[in-house]
Amino acid sequence: MGETPSTPEPIQRLIEAFHRLPGIGPKSAQRLAYHILGTSEQDTAQLADALMEVKRRIRMCSVCVNITESDPCRYCNDIRRDRTLVCVVEQPLDVLAIERSGGFRGQYHVLHGVLNPMDGVGPEDIHVRELVVRLQAGEIQEIIMATNPSLEGEATAMYIQRLVGPAGVKVTRLARGLPSGADLEYTDDVTLARALEGRREI
Amino acid sequence: MPSSRERSYNTEGVVLRRRNLGEADSIFTVFSPTVGKFDGVARGVRKPKSRMRGHLEPLTRSQLHLAHGRNLDIFTQAETIAAYINVRDDLDRLTLALYCAELIDRFTLDRAPQPQLYGLLVELLEGLNEEAPLTVGRYFELEVMGLTGYELQLMACAVCGVKLPEAETLFSPSAGGLVCDGCRGIAETGRILSVRAIKVLRFARSSSMGQFAGLRLDGDLEDELRRALGDAVKNVLDRETNSGRYVDALSGPLRRPATSPPTDVQSSTPSIT
């Protein structure tokens, strides 16, 4: 066996660091690493600084587990928002999506994941406990389960319903049906059945 | 490779699991009666306008059209045959179905067709979609082990082969089933099974899933069987199943009270002699 052509150690380290990121394969990791080599020192410093800033300044809200710079976060601190209504979402990005819709004036709870039995993600791996603690304060009257309408999202919604239902809190689920621009012909049976169930008078 | 190889093919299958790939793609593991277990990639399936998305949710039985790809085959069309909507609407049924899907995933090799095993999975999903009790999971475990070459020895001693009477007996997964008193020293590990549990296990091996579903098992017996077969599955796979641990977690403090009063197994299984 001849010696494998060696990459200088610092570049190798960078490649490995990129490779650990989601969706980055070995080739992309190499490309990114060599791209960094070609950029100015200032740009690289900005990138490094941005990375560190995120870790330094962003934390999780102690109430809703959303990512925030200040604790509690702006949604939990906003006295104009309805404190009896909590929308439970999978990811921080989902909070932004719901905020963009403009139709929600309650508070949030971010699970940072969903139950996924096949991959071994259980209740202790997502932020369910914090939700239970919030409920114990007694102010919350309704929980809106806004997890994705996937198998895992549904499982999570049912799990939380079972967990908090006995405490007398109303648990609701986002409606499911046809997205705008959809084609009936290609719609799956589950979605169509739910759309029929949830039909509305016009 | 035959030069006349078709560029695409049709098959039906049950989606066992999904893994996300890149920005909008997913890899699905599908179990098909004609192809066996295989991975395929669906491009753009996570975009809201994807026409395949709902048809490729895990635990959906779908008619599939695939094109041969360089590494993985590529889903080009998918249409639901059965979505088992009642399974999705009930956490216990859903969890059990996912556990069974994981068993299929772990007990099979890639691209080795096992139509009988496929039939079993479809029967389970159909059963759970109707009124079958969760105990069909035990029937499924036994049947999967039987069909994949890990049949448990339930009638005779797994070590010496002596015929076993209907009595409390040591159940040793590492030995491959029940072990007579004389061979206990040889079997390293195991747990003592009650007469009732042994009767249920034997009944399962000689009955259909429908007949087994008619059994009413009380909570203790159900737990005993679940633990014993859980050990057996773990012994074959050499590890815990992901979803099995999850079934345990859900059946802990959150377990719902039994909806029907338990009946002794002996009174409801007249066919056991």
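Biologist: Which residues of α4(B) are buried?
Modeller: In this predicted model, the buried residues of α4(B) are Val136(B), Gly137(B), Arg138(B), Tyr139(B), Phe140(B), Glu141(B), Leu142(B), Glu143(B), Val144(B) and Met145(B). That makes α4(B) a mostly covered helix, with 10 of its 12 residues buried.

Biologist: And what covers the buried residues of α4(B)?
Modeller: The cover includes several helices of chain B, namely α2, α3, α5 (195–206), α6 (209–213) and α7.

Biologist: How far does α4(B) reach from its first C-alpha to its last?
Modeller: The 12 residues of α4(B) reach 16 Å, which is close to the 16 Å expected at 1.5 Å a residue. Just after α4(B) comes Gly149(B), which takes a positive phi of about 95°.

Biologist: You listed α3 in the cover; at what angle do the axes of α3(B) and α4(B) cross?
Modeller: The axes of α3(B), residues 115–129, and α4(B), residues 136–147, cross at roughly 175° and come within 10 Å. An angle over 145 degrees counts as roughly antiparallel, and therefore α3(B) and α4(B) are described as roughly antiparallel to each other.

Biologist: Which residues meet there?
Modeller: On the α3(B) side they are Gln116(B), Leu117(B), Leu120(B), Leu124(B), Gly127(B) and Leu128(B), and these meet Val136(B), Phe140(B), Glu143(B), Val144(B) and Leu147(B) in α4(B). Sorted by class, this contact has 8 nonpolar, 2 polar and 1 charged residues.

Biologist: Now α7(B), since that was in the cover too. Which of its residues are buried?
Modeller: The buried residues of α7(B) are Leu221(B), Glu222(B), Glu224(B), Leu225(B), Arg226(B), Ala228(B), Leu229(B), Gly230(B), Ala232(B) and Val233(B). The helix itself runs over residues 219–237 of chain B, and its 19 residues reach 26 Å from the first C-alpha to the last, close to the 27 Å expected at 1.5 Å a residue. Just after α7(B), Asp238(B) takes a positive phi of about 65°.

Biologist: Stepping back, how many helices and strands are in chain B?
Modeller: Chain B has 9 helices and 8 strands, and buried residues make up 44% of its 273 residues. If you take the contacts in chain B between residues at least 6 apart in sequence, 59% of them join residues at least 24 apart.

Biologist: Where are the domains of chain B?
Modeller: Domain 1 of chain B is assigned to 9–95 + 105–132, and domain 2 to 133–268. Their centres, taken over C-alpha atoms, are separated by 28 Å. The contact between them takes 14 residues from domain 1 of chain B and 16 residues from domain 2 of chain B.

Biologist: Which element gives the largest share of the domain 1 side?
Modeller: That is α3(B), with 7 residues on the side of domain 1 of chain B that touches domain 2 of chain B. By class, that side of domain 1 of chain B has 7 nonpolar, 4 polar and 3 charged residues.

Biologist: What about chain A, how far apart are the centres of its domains?
Modeller: Chain A is divided into domain 1 (9–41) and domain 2 (80–173), and the C-alpha centres of these two domains of chain A lie 37 Å apart.

Biologist: And how many residues does each chain give to the contact between A and B?
Modeller: The contact takes 25 residues from chain A and 25 residues from chain B. On the chain A side, α7 (151–164) and α8 (189–197) are the elements that give two or more residues, and α7(A) gives the most, with 7 residues. The residues on that side of chain A divide into 12 nonpolar, 7 polar and 6 charged.

Definitions and conventions
Residues are numbered from 1 along each chain as its sequence is written. Chains are lettered from A and ligands numbered from 1 in the order in which they are written. This is a predicted model: local features need pLDDT of at least 70, side-chain atom pairs count only at pLDDT 80 or more; totals for chains, interfaces and linings use all residues. Helices (H or I, at least four residues) and strands (E, at least two) are DSSP runs, numbered from the N terminus. The expected span of a helix is 1.5 Å times one less than its number of residues. A residue is buried if 20 or more other C-beta atoms lie within 10 Å of its own, exposed if 12 or fewer, and partly exposed in between; C-beta atoms are placed from the backbone. Domain bounds come from an automatic or database domain assignment. Axes are lines fitted to C-alpha atoms, for helices over the stretch in contact, and angles run from 0 to 180 degrees between N-to-C directions. Angles under 35 degrees count as roughly parallel, over 145 as roughly antiparallel, 65 to 115 as roughly perpendicular and the rest as oblique. Two residues are in contact if their C-beta atoms, placed from the backbone, lie within 7 Å. Ala, Val, Leu, Ile, Met, Phe, Trp, Tyr, Cys and Pro count as nonpolar, Asp, Glu, Lys and Arg as charged, and the others, Gly among them, as polar.
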